Amino acid sequence: MKDLDILAFTVELGQFYEKSKTAGTVAVTMKRMTGPRLVMVSKVKKALPKGGEAVVSAPKKDDVQYPCLVRAVYKKQKISTIVAPEDFDRFQNAYSTIIRAYMDSLKKKDRSKKVKKVTK
């Protein structure tokens, strides 16, 4: 799985949606990065993600803003990014732009059900 920054993730996600117009599907998941997940990521990467220091070092967990892990999968290609709380609005705007741009490849729901005859 490729771990990308926010800008590279949105560009790659747009390419996934472009490829999926011909065949395949794109699945996007978002998860909140909790304290144990952040500690696990820091052991692998040798550094905490942006916004992770506040979560790990906060004594009271009620007022903490958590980073968000975003993953996308197209066929066997996987990408991910960690979005800091202060960057989430910027990411959400970029993500919504991509979704709106590729909304035309959605298929309409087939509503051709058998019409029931009403007899009186």
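## Exercises on rings and a loop

Ring pairs join Phe9, Phe88, Phe91 and Tyr95 into a cluster. The model you are looking at is a predicted one, and it holds five aromatic pairs. Let's work through some of them.

**Exercise 1.** Classify the pair of phenylalanine 9 and phenylalanine 91: what is the angle between the ring planes, and is the pair stacked, tilted or edge-to-face?

*Solution.* Begin with the distance: the ring centres are 6.1 Å apart, and rings pair if their centres lie within 6.5 Å. Next, take the angle. Stacked needs under 30 degrees and edge-to-face over 60; the planes here are at 45 degrees, so the pair is tilted. Finally, find the partners in the chain: phenylalanine 9 is in helix 1 (residues 6–19) and phenylalanine 91 in helix 4 (residues 88–101), 82 residues apart. Both phenylalanines are buried.

**Exercise 2.** Now classify the pair of tyrosine 17 and tyrosine 102, and locate both residues.

*Solution.* The centres are 5.9 Å apart, with 20 degrees between the planes. An angle under 30 degrees counts as stacked, and this pair is indeed stacked. Tyrosine 17 belongs to helix 1, while tyrosine 102 is in the segment after helix 4, 85 residues apart.

**Exercise 3.** Tyrosine 17 and lysine 75: which is buried and which is exposed?

*Solution.* Buried means under 20% relative accessible area, exposed over 50%. Tyrosine 17 has 14% relative accessibility, so it counts as buried. Lysine 75 has 56%, so it is exposed. Lysine 75 is found in the loop between strand 3 (68–74) and strand 4 (77–83). Its phi is positive, about 50 degrees, although lysine 75 is not a glycine.

How values were computed: Residues are numbered from 1 along each chain as its sequence is written. This is a predicted model: local features need pLDDT of at least 70, side-chain atom pairs count only at pLDDT 80 or more; totals for chains, interfaces and linings use all residues. Side-chain values use heavy atoms; hydrogens and water are left out. Rings of Phe, Tyr and Trp (its six-membered ring) pair if their centres lie within 6.5 Å; planes under 30 degrees apart count as stacked, over 60 as edge-to-face and the rest as tilted. Helices (H or I, at least four residues) and strands (E, at least two) are DSSP runs, numbered from the N terminus. Buried means under 20% relative accessible area, exposed over 50%, partly exposed in between (1.4 Å probe, protein chains only).
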